[in-house]
Amino acid sequence: MNTLEQIAELERKYLLQTYNRYPLVLSRGKGVFLFDIEGKRYLDFVSGLGVNALGHAHPRIVKTIREQAAKLVHISNLYYHEYQGLLAEKLCSLSGGSSGMSRAFFSNSGTEAIEGSIKLARLAGHRVGGAAKSRLVALEGSYHGRTFGALSLTGQDKHRKGFEPLLEDVTFVKQNDVEGLRAAVNDNTCAIVLEPIFGEGGIYECSAEFLQECRALADRHRVALIFDEIQCGLGRTGTIFAYQGFGVTPDIVAIAKPIAAGLPLGAFLAKEEFASAISPGQHGTTFGGGPLACRVALEFLAIVEEEKLLENVNRVGAYLQQELKELIGKRAAAKEVRGRGFIQGIQLDIPARPIVDAGLAEGVLFNSTQDTVVRFLPPFLLEEKHVDKGIRVLKKLLGKKRKAAA
Ligand SMILES: *Cc1c(COP(=O)(O)O)cnc(C)c1O
């Protein structure tokens with residue numbers, strides 16, 4: 001029972017048909033490489049959608065999982081374990097100490113971190129403005145997850161269609177439209193929710209000016225400014241929190257993808273002014289914040305620090321950007337490079353999926369999003385030589401050369 005055809009056939013028969021997988025069965029990984037069941041090697045520019053920031057089978061993560069799995073995996077949130085408080089303290093400290101976040105709640109996924117964030121914003125809103133202070137502002141083109149709350153904030157019809165009615169109290173604004181933002185936010189707004197850099201939406205950055213206006217309006221109307229850093233956060237932009245590179249601090253920040261090196265864990269962190277709106281019993285989770293996931297997350301953060309991985313993200317990310325920009329000059333189908341660090345995208349004027357498909361034969365995993373964007377979310381361990389390999393393959397796959405400018 002182990003050829004690609006047999007595995008795919010079984011899934012076709014028994015799985016809810018929600019995914020359109022690539023024809024590839026992976027069996028192990030090492031660093032920035034993955035290996036399929038036949039032993040063929042692939043260079044990984046995807047990191048399991050931004051999750052495997054330490055690559056695959058990092059020795060310290062393997063050791064930590066082994067040790068903790070033999071001691072205690074799950075206890076529920078009825079009891080204390082050693083690691084949840086330590087992880088919350090570490091994240092709050094990294095978020096900016098007294099000018100950053102004060103408290104954390106741990107979930108199992110990014111979507112749940114968003115759900116918790118908007119529940120907290122509703123409580124805080126109702127506390128200062130009564131039941132009417134419940135409206136949410138989100139951005140067109142955004143992505144926040146698949147549950148009803150997170151989907152209600154997701155500004156893309158393709159994800160929403162068929163699931164209506166969603167939360168009705170959401171106003172959508174165009175990214176970086178300051179006038180539109182001013183028109184949308186008022187005293188009945190309880191939260192502005194945004195990704196500082198759109199991930200699934202195609203790697204579009206919010207401008208500093210737009211984020212500053214979000215901050216100013218949130219302060220004026222006592223609104224929770226919520227940043228979804230589930231994809232761009234925890235080092236991918238070259239700072240631990242993406243907002244540290246934009247100079248605007250939110251009131252609540254949602255994180256997830258890389259936090260526990262592949263184990264399911266998410267979190268939202270909040271400033272005290274908002275955190276204090278919730279009481280015991282008002283929110284909870286069975287699995288969230290367990291001893292295995294929290295201890296691995298502490299190890300993840302320690303490794304990022306001790307191996308100086310942010311420096312690597314900044315240096316190799318700049319190199320990746322430079323190389324992608326050069327590609328624009330050389331290949332007719334390549335139009336624009338967006339993003340920073342290890343969250344970048346190259347805009348094509350042709351469909352991206354065939355490029356990604358063809359990458360498999362070349363031994364490189366790319367990812368496409370929004371039909372025409374090739375997205376790069378590589379492990380933080382990626383080196384210049386890996387970039388060179390990826391660019392070489394992309395160049396080949398993009399085919400036709402750009403004509404020299406007249
Ligand atoms: C992935 C993602 C989510 C959803 O996280 P899950 O872990 O899939 O629930 C939410 N927001 C952003 C920006 C994401 O990239």
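The second largest pocket of this structure has a volume of about 790 Å³. The model is a predicted one, and the tour begins at this pocket.

**Stop 1: the second largest pocket**

Select Gln84, Ala104, Phe105, Phe106 and His283. Of the 27 residues that line the second largest pocket, these five lie nearest its centre. Next, colour helix H4 (83–94), strand E4 (103–107), strand E10 (266–270) and helix H10 (272–275), each of which contributes at least two residues to the lining. Which element gives the largest share of the lining? It is E4, with four residues. By type, the lining of this pocket consists of 13 nonpolar, twelve polar and two charged residues.

**Stop 2: the largest cavity**

A search of the whole structure yields one cavity of 30 Å³ or more. Its volume is about 30 Å³. To find the largest cavity, select the residues that line it: His74, Ile75, Ser76, Asn77 and His81, together with Thr286, Phe287, Gly288, Gly289, Gly290 and Pro291. Of the lining residues of this cavity, three are nonpolar, eight are polar and none is charged.

**Stop 3: an aromatic cluster**

A pair of aromatic rings is described by the distance of the centres and the angle of the planes. There are five aromatic pairs in the structure. Select Phe45 and Phe366 for one of them: the ring centres are 5.6 Å apart and the planes stand at 25°, so the pair is stacked. What does this pair tie together? Phe45 belongs to the loop between strand E3 (41–44) and helix H2 (47–50), and Phe366 to the loop between strand E13 (364–365) and strand E14 (367–369), so the contact links parts that are 321 residues apart in sequence. Are the two residues buried or exposed? Phe45 counts as buried because its relative accessibility is 1%, and Phe366, with a relative accessible area of 4%, is buried as well.

Keep Phe45 selected and add Phe376. These two rings form an edge-to-face pair, 5.8 Å from centre to centre and with 90° between the planes. Phe376 lies in strand E15 (residues 373–376) and Phe45 in the loop between E3 and H2, so this pair ties together parts that are 331 residues apart in sequence. Phe45 and Phe376 are both buried. Phe45, Phe366 and Phe376 together form one aromatic cluster.

**Stop 4: strand E15 and its partners**

From Phe376, extend the selection along E15. Val373 and Arg375 point one way from the strand, Val374 and Phe376 point the other way, and all are buried. Now display strand E12 (residues 343–348), which runs antiparallel to E15 and is joined to it by four bridges. Within E12 and E15, look for Gln347, which stands opposite Val373. E14 is also antiparallel to E15, and three bridges join them. Here Asn367 stands opposite Arg375. E14 and E15 form a hairpin with three residues between the strands, and in this hairpin Gln370 takes a positive phi near 50°.

**Stop 5: two arginines over rings**

Finally, select Arg41 and Phe33. The charged end of Arg41 sits over the ring of Phe33, at 3.8 Å from the ring centre. Then move to Arg340 and Phe246. Where does Arg340 lie with respect to Phe246? Arg340 is over the face of Phe246, 4.3 Å from the centre of the ring.

Definitions and conventions: Residues are numbered from 1 along each chain as its sequence is written. This is a predicted model: local features need pLDDT of at least 70, side-chain atom pairs count only at pLDDT 80 or more; totals for chains, interfaces and linings use all residues. Side-chain values use heavy atoms; hydrogens and water are left out. On a 1 Å grid over the protein atoms alone, a cavity is a set of points where a 1.4 Å probe fits but cannot get out, and a pocket is an open set with protein on both sides within 12 Å along at least five of seven lines; lining residues have an atom within 4 Å of a point. Grid points are joined across faces, edges and corners, and a volume is the space filled by probe spheres set on the points. Ala, Val, Leu, Ile, Met, Phe, Trp, Tyr, Cys and Pro count as nonpolar, Asp, Glu, Lys and Arg as charged, and the others, Gly among them, as polar. Rings of Phe, Tyr and Trp (its six-membered ring) pair if their centres lie within 6.5 Å; planes under 30 degrees apart count as stacked, over 60 as edge-to-face and the rest as tilted. Buried means under 20% relative accessible area, exposed over 50%, partly exposed in between (1.4 Å probe, protein chains only). A charge sits over a ring if NZ of Lys or CZ of Arg is within 6 Å of the ring centre and within 35 degrees of the ring normal. Two strands pair if DSSP finds at least two bridges between them.
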